[in-house]
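Colleague: I should like to go through this model with you, chain by chain and contact by contact. May I put my questions to you in turn?

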4 protein chains.
Amino acid sequence: MRMPVATRYGDYDTKAHANNAVYLTWFEMARAEAWVKHLDGSPDFPFIVAEATVKYVSEAMIGQPLEIEMTTTEVRTKAWVWSYVIKDTSDGRVVAEGRTVQVMYDYDKHATVTIPDAMRAKLPSL
Amino acid sequence: MRMPVATRYGDYDTKAHANNAVYLTWFEMARAEAWVKHLDGSPDFPFIVAEATVKYVSEAMIGQPLEIEMTTTEVRTKAWVWSYVIKDTSDGRVVAEGRTVQVMYDYDKHATVTIPDAMRAKLPSL
Amino acid sequence: MRMPVATRYGDYDTKAHANNAVYLTWFEMARAEAWVKHLDGSPDFPFIVAEATVKYVSEAMIGQPLEIEMTTTEVRTKAWVWSYVIKDTSDGRVVAEGRTVQVMYDYDKHATVTIPDAMRAKLPSL
Amino acid sequence: MRMPVATRYGDYDTKAHANNAVYLTWFEMARAEAWVKHLDGSPDFPFIVAEATVKYVSEAMIGQPLEIEMTTTEVRTKAWVWSYVIKDTSDGRVVAEGRTVQVMYDYDKHATVTIPDAMRAKLPSL
């Protein structure tokens, strides 16, 4: 799944480049898009993030147009991995790469649960 | 170096636990404390973050008192690694662990530079 | 000028409604859109915000689609006022209203300056 | 009630001064301190913010030490007003002033409620 990154002025720091923490928010925006639009989920996610990694490849300066591509790269029983590439669309330059591990979670029971079949079927196509 | 985490209401999400992205901000707060108070640096950091990883070990719910411990775990020519452990001080439970790789950077010349000797001498004691 | 609000999961707090501070960020997103797209300005704004007010009219819950309308409601020599209305587009309900006063600013000279003529001509049509 | 502002690197924008939206977060930090420590309240506030105003008096640059003073300036049946002054403690300069109107709220019943007597007794002394 690919989409433009709706950046905000406040995402950029005193050097006018994107703050390191905001990349995890950008990854989260891709997850929200996938979850709500492609997996028919609630905007109040029923999963937890267990691990996150970001590699900052080149600077993202204010005003540069960015897009994010998110791909399902692994599906386990209760967990799955999404991998991300953020590019500057004006020159194709990779700005950052990363991955997050998600675990399906029942917030009422406070317990991890198995990925539902319908979701498991759709995950690889993202 | 160890310090309390000055959490904010907005750090917590719709489930009342800390949002995954805010941990990188908490790591950054520890870096700022170390940089300004222990390494006599400018609050406008002269380094870049090249890589960041977070492992979310247990939930950090709103109201729980947190502390962060940051340790220098590797020093190279231009780069160094800081590792982090965040704990709930009410029960000693580990909430998250992580690491970031920093590279010394000259923002005027847009180039990576060698870690200054005075800083190199102090890094391991953090 | 009217546009959808590109909300983020982190904009919502422990009660699943939008945090009070984030409305000023949403106002800023409208200013950025107007500034870059309609006034041909730099994404690094050459003005300062001198005053901001928000009236929270009704709750904005996670998942509700929002749009923001921004209007120029006053133009002085160096300053101008933008007024905002945020609505839930699913039912037309007003979520918030507000206004900000901007002052044209020369960041090199650290001084307020007169609004350029070309900009003054365009401001009322936003 | 007076307290230092625990600023964050990400609070500062591309000009190295505090972003306009973050002042509402700083106000919220003062409310949280007052609420939890002085009014014995839950960190999950049982009130809503109905209105907020900020006047940006002078620039808050990165590295400048700030403190916030919050005062109860009006108490009604269900609502009360808190007023804020943020100063640079290195020179006593006022950075910003503002006020917020809070309304006591029962989140289960989705209804505004009367300020409890015990709280009403304590509010003026903040």
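Modeller: Certainly. This is a predicted model, in which local features need pLDDT of at least 70 and side-chain atom pairs count only at pLDDT 80 or more, while totals for chains, interfaces and linings use all residues. Residues are numbered from 1 along each chain as its sequence is written, and chains are lettered from A and ligands numbered from 1 in the order in which they are written.

Colleague: How many residues does the contact take from chain B and from chain A?

Modeller: Two residues are in contact if their C-beta atoms, placed from the backbone, lie within 7 Å. By that rule, chain B gives 17 residues and chain A gives 17 residues.

Colleague: Which element supplies the largest share of the side of chain B that touches chain A?

Modeller: Helices (H or I, at least four residues) and strands (E, at least two) are DSSP runs, numbered from the N terminus. Helix 1 (22-38) and strand 2 (47-56) of chain B each supply at least two residues of that side. The largest share, 8 residues, comes from strand 2 of chain B.

Colleague: Over how many bridges do strand 2 of chain A and strand 2 of chain B pair?

Modeller: Two strands pair if DSSP finds at least two bridges between them. Within this pairing, A:E51 stands opposite B:K55. The two strands run in the antiparallel sense, and the number of bridges is 5.

Colleague: Which residue of chain B comes closest to the rotation axis?

Modeller: Copies are superposed by least squares on the C-alpha atoms of residues with pLDDT of at least 70 in both. A turn of 180 degrees with a shift of 0.0 Å along the axis lays chain B on chain A with an RMSD of 0.0 Å. The C-alpha that comes closest to this axis, at 2.2 Å, belongs to B:T53.

Colleague: How are chain A and chain D related?

Modeller: Chain A is superposed on chain D by a rotation of 180 degrees with 0.0 Å of shift along its axis, at RMSD 0.0 Å. The two copies are therefore related as by a two-fold rotation axis.

Colleague: Why does the length of helix 1 of chain A agree with expectation?

Modeller: The expected span of a helix is 1.5 Å times one less than its number of residues. The 17 residues of helix 1 (residues 22-38) of chain A should therefore span 24 Å, and this agrees with the distance between its end C-alpha atoms, 23 Å.

Colleague: Against which helix of chain B do the buried residues of helix 1 of chain A pack?

Modeller: A residue is buried if 20 or more other C-beta atoms lie within 10 Å of its own, exposed if 12 or fewer, and partly exposed in between, with C-beta atoms placed from the backbone. The buried residues of helix 1 of chain A include A:Y23, A:L24 and A:W26. Their packing partners include strand 2 and strand 3 (66-75) of chain A and, from chain B, helix 1.

Colleague: How many residues has the largest nonpolar core?

Modeller: A nonpolar core is a set of buried Ala, Val, Leu, Ile, Met, Phe, Trp, Tyr and Cys residues joined through C-beta atoms within 7 Å. Among those with the most contacts inside the largest core are A:Y23 and B:Y23. The number of residues in this core is 49.

Colleague: Through how many residues does a hairpin join strand 3 of chain A to strand 4 of chain A?

Modeller: Strand 3 and strand 4 of chain A pair in the antiparallel sense over 9 bridges. In this pairing, A:E67 has A:K87 as its bridge partner in strand 4. The number of residues in the hairpin connection is 3.
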